[in-house]
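Here are a few exercises to work through with the model open beside you. Try each task before reading its solution.

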Amino acid sequence: MPCRTASGAGCDSSPGKAFPPALPGWSGRMTEFRLSVRDLVAFCHRSGDIDHRYTPSPTGEQGMEGHQRIYRRRPESYLREYPVRYRHQQGDIELQLRGRADGFDPASALVEEIKTCRVDPGNIPPPVSRLHLAQARIYAALIAEERSLDEVAVQLTWLNIDTDEEVPLRQSCSRAELRAFLTDTLAAFADWLALLARRRRDRQASLLRLAFPHGEFRRGQRLVAELVYKCIDQGGQAMLEAPTGIGKTAAVLYPALKAMAENKHEALVFVTARTVGRRSAEDCLALMAGAGMQASSLSLTAKESVCFSPGKACHGDDCPFARGYYDRLPGALAEAIQHGVLDRAAVERIARAHEVCPYQLAQDLLPWVDIVVADMHYVYSLTAGLDRLISGDERRWSLLVDEAHNLPERARQMYSARLSKAELMRAKRSSSPAVRRALERVNRALLALQKEAWGEEVFRQELPAELVNPLAEVVAAVGRAMADDPRFVPANPELMAFYFALLQWLRVAENWGRDYRLQLQRGDGKQGLSLGLNCLDPSRLLSQRQARAHAVIAFSATLSPQHWMRQLTGLSEAAVCRRLESPFAAEQLRVELETAIDTRYRQREASAPGLARRLARFLREAPGNCIVYFPSYRYLASVLALMQADAPLWAERRLWQQRPGQSLEERDELFQILRSHHNVAAFCILGGVFSEGIDLPGELLSAVAIVGVGLPQVGSERENLRQWYQQAYGAGFEYAYLYPAMQKVDQALGRVVRSATDCGRALLVDTRYGWPAYRSLLPPWWCYRE
Ligand code: SF4
């Protein structure tokens, strides 16, 4: 490889060079698949309707605790989590089945599958029990073969974690019966396996041939591609800071696909933070598909956005797309898997054609597709389906995390929760008597908290233990009500809103640690109490998720300082961190630093007239469309009011102003105006929707002015962060205020130059731009003049 430097120097495009270099080709003889018993059984033995009444079942921790309870009741000879492996050959295809039976007792030849629930096990629908029993029978078949057992007791045990009731479903099966069941299951899987094998061969051949989608590597792209390939090859972690315009999406996706061709990993997720990132990945994949790539990719979309029956329950009695869903699923899967790039429109079209739920179809496709394009929520949240898949799947998954600078803040939100007494009282109005009784117990626990002596707000390091059990009882009561009545969910929207908030609260409580604070606020009136579980530092939970992936590549235009971003994104100390050089010339963005104007809160009134004059001068000097960023709406309005007296300025400029609470349509207006005019002066909020994640190339945007350094507002929550970061990393102010602020500034600054032909100007206004601590955090690749 020609270059290994961190700077990227000497990594210009290298026309004609193959990527990756000098790698062995694919042998093409035997096609191998690794599959979990769970996925095999789910594919072959599910039938009938979608029925979510029994989900969410107990939380992960409750489920594990339930398993432990059962284990303690089993004899000493009982082996927990007994691993099974089996090789199945079908022509030139080899299927390696793997899994873990919950328990195997050699003394009594018992194979057990344990499931926890919060309802009367007698009410579990037969298709659900049949599915789990099928899983137990496959484990039993594999263990009978391995241990040459003539007779096996196969047991599915339901445990109601609330009542501790154990309900066993037991069958005695001969080895021949179990072998026949395994053979029938594999026969039912045969056509799908043959289709997967054909797709795999076509995929591998097409990926080996695949050329870089944009012809030659641009400056910097080859280095990114090499780092990504090497990281996946070694199963490591990397953090790449590369300026906008380098073409990061293609430079990251392409080597990841080449690595797939070389069996370095089997699947990948392109993790996005915003719609624009998802579109960019989909466009890049479509381009590669157009050039012959035959990998299958799937974009995940939120349930509310794709649901064909809004307002209905996800149940066969209520929604026609849930009725008989699993009977029509095989046809839908077969069409979808051969489609190639499955964006939202493609999934919806196939779902309509087969009359199946589009959301569930996407979920059921996950074990079979090569590439998933998904928002951070699907990978990192406490309910993330992809995280569960990655940790249980036999395939090695790599994560390509786009706009990774957003991950810590998004994760902090995903790992936090809030409950309010007002919501509880609303939920009480709309619920069944049993649920109301459970809610009343919660209310009593809240009243006891309210009576304790604390001020208007308090932060604590301990969870209110006396609240956790009553909250869990509400979950159980709602679960029973849902099980009794499929229409319970759509019929009780306020209760369900509280229920989902409650589930999140309990999930967060399960993950509680020293990096959390309980925030109690009295609020207004008797019902004003709220209980926040505030995640201060998401790195512990993020690192658990990052560690489950084969490789993680986090990339963005703003990941500095590296030690801060590496820690907060949950990457390991061994992660390779690189900042690449800009592909642009320094002169393409002329940045002026106006350090004579103090924009700190207390000085704003005094400095407003001078600031208004300075901005007006900049708008006169900088032709073309310009966005002026302010730290708050109030400050923006007051300075703009002063500027509006300058009639000649507005004779030349078209004004657009961001306001709080604008609708999507109102926000879209700015993009329309920028497209149709070349004299726009838009006044927006720093850190808001117009300061990052938007692409305005060429004449769409020629200049930006940034007022202030973007420091977050001082408040009790931010101060908690500062104290935590001081204690954990010895850098409280930097981690809680300075670094996040300057990241926002760098993002806003990065809006202007988006391609090799873009040129523009920028103005940064604040005395602190003259201070080394702030100045050193500005991107090094532009010219700065005071
Ligand atoms: S179409 Fe909507 S209501 Fe029907 S199963 Fe899917 S998500 Fe649920």
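**Exercise 1: two positive phi values**

Glu403 sits in the loop between strand E12 (397-401) and helix H14 (407-414); helices (H or I, at least four residues) and strands (E, at least two) are DSSP runs, numbered from the N terminus. This is a predicted model, where local features need pLDDT of at least 70, side-chain atom pairs count only at pLDDT 80 or more, and totals for chains, interfaces and linings use all residues. Residue numbers start from 1 along each chain as its sequence is written.

Task: work out whether Glu403 is buried or exposed.

Solution. Start with the backbone: phi of Glu403 is near 50 degrees, a positive value in a residue other than glycine. Next, the cut-offs: a residue is buried if 20 or more other C-beta atoms (placed from the backbone) lie within 10 Å of its own, exposed if 12 or fewer, and partly exposed in between. Glu403 has 24 C-beta neighbours inside 10 Å, so Glu403 counts as buried.

Task: now do it for Glu81, whose phi is near 45 degrees.

Solution. Glu81 lies in strand E2 (residues 79-90). Glu81 counts as exposed because it has 12 C-beta neighbours inside 10 Å.

**Exercise 2: a helix pair**

Task: describe how H9 and H11 pack.

Solution. First, the geometry: helix H9 (residues 325-337) and helix H11 (residues 358-365) pack at about 65 degrees, with axes 10 Å apart. Axes here are lines fitted to C-alpha atoms over the stretch in contact, with angles running from 0 to 180 degrees between N-to-C directions. Then the residues: Tyr325, Leu329, Ala332, Leu333 and Ala336 in H9 meet Gln360, Leu361, Asp364 and Leu365 in H11, a contact meaning C-beta atoms, placed from the backbone, within 7 Å. By class, that contact has seven nonpolar, one polar and one charged residues.

**Exercise 3: a cis bond**

Task: find which residues a cis peptide bond joins.

Solution. The bond joins Ser560 and Pro561, with omega about -10 degrees. Pro561 falls in the loop between strand E17 (551-556) and helix H21 (562-568).

**Exercise 4: the whole chain**

Task: check how far to trust the model, and whether its radius of gyration fits a globule.

Solution. Mean pLDDT (the predictor's confidence in each residue, from 0 to 100) is 91, and 96% of residues reach 70 or more. However, pLDDT stays under 50 over residues 1-17 and over residues 21-28. Where pLDDT is low, the predicted coordinates should not be read in detail. Finally, for 786 residues a compact globule would have a radius of gyration near 28 Å, and the chain's 29 Å agrees; the radius is taken over C-alpha atoms, and the rule is 2.2 Å times the number of residues to the power 0.38.

Definitions and conventions
Two residues are in contact if their C-beta atoms, placed from the backbone, lie within 7 Å. Ala, Val, Leu, Ile, Met, Phe, Trp, Tyr, Cys and Pro count as nonpolar, Asp, Glu, Lys and Arg as charged, and the others, Gly among them, as polar.
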